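Thanks for making the time this morning. I would like to walk you through one structure, so please have a look at it before I go on.

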Amino acid sequence: MVQRCQRQGIALQEDDGRPDYANEAVFRRNTLPPRSYHIPETSLLLNGRWAFHYASSPLKAPEPKAAPDALWMTIQVPGHWQLQGHGIPHYTNVQYPFPVCPPHVPTENPTGTYRRTFHVPSSWDPSSQLRLRFDGVDSAYHVWVNGSLVGYAQGSRNPHEFDVTPHTDRNGPNEVSVRVYRWCDGSYIEDQDQWWLSGIYRDVHLISFPSETRIEDWFVRTDLDDEYTNATLGATIHVVTSKTATITMTIRQLPKNGGQCFGSTHKDINTGGKVHLSIPVEAPAKWTAETPYLYSVELSIKSSSGAQTVRQNIGFRKVELKNGLICVNGRPIRFRGVNRHDHHPRFGRAVPVDFIRKDLLLMKTHNINALRCSHYPSHPKLFDIADELGLWVIDEADLECHGFYDAVARPQDIPEGMDYEERKKLTFSQAAQYTSDNPAWKAAYLDRMEQMVQRDKNHTSVIIWSLGNEAFYGQNHKAMYDYAKREDPGRLVHYEGDPHAISADMYSYMYPSVERLIHLAKTEGVKPDGSFDKPVVLCEYAHAMGNGPGWLEDYEGAFRTYPRLQGGFIWEWANHGLWKEDPDGKSYYAYGGDFGDVPNDGAFVMDGLLYSAHKPTPGLLELKKVFEPVKLVVERYEEGYEEVYELGISNLYDYTGLEHLTATYKVECFTDSTTLLVSGVLELPVIGPVSTAKIPLPGPIDHLEAETGAEVHLTVSFRLKTATPWADAGHEVAWSQHRLPVANPISQVPASPPPYKSPEIVTTSHEIIITGTNFTFTFDKTRGYLTRWVVNNTPLLDPNPATGVAVTPSFWRPPTDNDKPSSLPYWQRFGVDALTSQLRSTSITDPNSNFNSAKITFTTFLTPPVLDWGYLATTTYTVTPAGSLSIAVRLRPAGAYPPKHVPRAGLDLRLPRAWDCVAWLGLGPGESYPDKRAAQRVGVWSAEGVVSSSGLHTPYEVPQEDGNRMGTRWVCVREPGGGGGSGGGGAGVRVTAGAEGAWSDNCEREFSFRAARYGDAVVQAARHPCDLVEEDATLLRLDGRVAGVGTGACGPGVREDLLVPVEEMEFGFCLEPVGV
């Protein structure tokens, strides 16, 4: 019998005194109980264009039955209305963008009303139950069908289903109307570090389920025996039926693995409720993040009224605390993880599934094995992908109320520079009283835990539930923990806000220094006998903002040294820039403030390992190297009178050997070019997980010959033998490079230099000019600087139009995001960016008394206005008869109050703009800094296009210091043309380190260089890449020492020994003209 719709709905408000969206006790009205995510074939996807009305407040929103007027337009669902021309995106990190008076919300509460029609497919059972499902609506909403108010829901990142059967016309058109509120009381506990964006941003479905006999929900679990060999598959199935029915559970191989049946069981029932079934399974393949082997579980119900079948992929694994460590299948695991928000640069949190899959593929190919859903349950289909590809997942409740901290801290004028633990003591207990430790909010907190657990409980990849993020700690968290343990004792629970792990199965921390982390591992929860019950993880560390993160090797070293430290999760996966096109033609990835959003937290949303378009930054490449699961060292020892070399190979996988990898090696000789000396395949022995083995260095490497001064390096690469679901065969998983000694250097007979006449020195009232056979050097006599170098009428060095100087000692670099909180104001307080120059003395040495070379020594005092400190710089220029230039610099700090450190110490040179090609021998091909260099290899590299991303410029979305290359033996900058190396191309200059005696021990003779078109001041002032303006020159930086990058934007700054201390130092460079 066809069921006709009835028009009666519920009241608009549950409480007559206040609206649903400002009532903490009302978060779901007339919704169905949460269940496992499952969209059956009998469903209708309602995504697409909807009619849309935008109002400034709920009172101005149209009534559901009102006829549309000129204010209506269309909008895309899924999507956010701020990204489709209605209102503006708003970014805050911690602070609330509205007054703090929960549960009340602003009167100006923008409201979007959505409408569309649908028809119930005629092929559906006319007696079926009809549900309207919303997988994500931000932030709260009422739903009408055919003018009847069906229900209300909030919890922006959680799904809600409504039974719309009595309100639906199966024979004609139906209209669904959704009124969405930007703010609700739930906004107070949805204060995650991301954009505030509104609307229907996940899928909308009309779903048909059997009305009389159906599987309402299910929870499939696996358990392993004490030897972790055999298993039991168990299921709790929630059944709706009023008739006699049979429930069957079958486990099979996936179709791609043959589909073989491993077992089946059934039970006859005559009433609805929960049914428990189990199947013993002998020695199934086990699921881990390294071996994500899945089976298919088929659940079916059959009665006289019909049949229904659902399928769930499942992996056999057991999660437990064992000897105080997180163990899966009996083995401790190590998280090499990242935090990931749902974000797309054009669609916000309305992320397409293929975009999500690309994210997870990038994680796998960059040696990431774990994912924390920050800070809410991710798109439901992410978990299918994680199950398939293999990732450990922390699924996190949609809960954060960090903004209460500002409400408490600002009136007390608590400085951000105060120790974090001290700030917590002064503020956290008061902040918790708003919601987390307030019994009036208990039900709302529990609802968010229930929604997550029930939706995602069948996903093998989810091994830990998290109670939320940065919501302080209170009784409501304890209630959430108890719910999780009661509903799902087979998973662990995480919550960083619980400092003593009362309601958590692990101690969790954010951004501690390595030193403090080790201290915590040794002391927190440790008993007098040294044992402990719970491990330590870092739910956030190594803040990846801009040019960073540093410290990765240090953290990884601590994880390897202290087993209780079970790894952590980098903050964060990707920048959250939103693509913006301005009326003036500029376009860029926008961050806080770019839309006129006030208050905002600026660029703090640009802190990821990926750019906003989800392409890797140098930070992700660095992380891949540090996370690599295979390490190799070359070990040398004496055997008789001979030196013997071995390769020590460490397998850092938790479960697998190295049988899936092939190891190849090559030995290369680096001079002005690269010569391959030998290559081959290494025969790897059996190396089990978390084990090490040694093999001899391949025979052909033992007796290598190379010319004197050449470098010989061994590079070993570990690659996949066969394709996997996440990478093709040949994908490089790990690599290692080591410099080898040269047993038999080949002496090179130097060519006799052509006869050159000695340079001549001419002095005028304000210049010193050195000339030779085909060159001229001009020095500013009044200030003590080189201003021009010309060879055969070709300028090699040009004066800066602002200063008239071509070469100058320099200590400044544009600040990185990590410099800005503390290092930048420190350097500026000491005027490091405003040094002036005073000439103190000039010395000229005649060529006849200096081996036919001309020498000029200037002593200058480099000092800032106002302050009493500076560098006494002695700079010696030596010009040979052949026209090469050596610059030796000696720096001596002077004055009463110098800073402790500066960004760098080196030279700034100004080269012709046409010189756009760079070749070098050193670390490459990417940028490198003292604490961010592991991903770079020694080689002869070349780049065309100084300012292009394919060249030397790193296109950070917030302009900052970039493009430094360390470990340089030589660098050649020249006009385009010819081949790579330093021997081809047009006019240019080749730079090497100066003579041995010109370098002090506190400088790096394998120097750093940077070539760019953007001046420091331009970079520092630019908000976006489109603000950068090129100079009419190529700017070359040569450094004896550079500072690291650290993680100071949120975490420890640069390690002390990787700063550039203000102390006496010496360095120098030799510049030779090429191609002229």
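**Helix α9, the cores and a helix pair**

Let me begin with helix α9, residues 618–627, which is mostly covered, since 9 of its 10 residues are buried, buried being under 20% relative accessible area with a 1.4 Å probe and protein chains only; helices here are DSSP runs of H or I, at least four residues, numbered from the N terminus. Those buried residues are P618, G619, L620, E622, L623, K624, K625, V626 and F627.

I should say that this is a predicted model, in which local features need pLDDT of at least 70 and side-chain atom pairs count only at pLDDT 80 or more, while totals for chains, interfaces and linings use all residues. Residues are numbered from 1 along each chain as its sequence is written, and side-chain values use heavy atoms, with hydrogens and water left out.

One residue of α9, L620, is also among the contacts of W573, contact meaning heavy atoms within 4.5 Å. Leaving aside neighbours within four places in sequence, W573 also touches V338, N339, R340, D359, L362, M363, I368, G608, L609, L610 and H614.

In the largest nonpolar core, of 122 residues, W573 joins L360, M449 and I570 in touching the most other members; such a core is a set of buried Ala, Val, Leu, Ile, Met, Phe, Trp, Tyr and Cys residues joined through side-chain atoms within 4.5 Å. Another core, of 71 residues, lies apart from it and includes L786, W789, V991 and M1065.

Note on methods
Buried means under 20% relative accessible area, exposed over 50%, partly exposed in between (1.4 Å probe, protein chains only). Helices (H or I, at least four residues) and strands (E, at least two) are DSSP runs, numbered from the N terminus.
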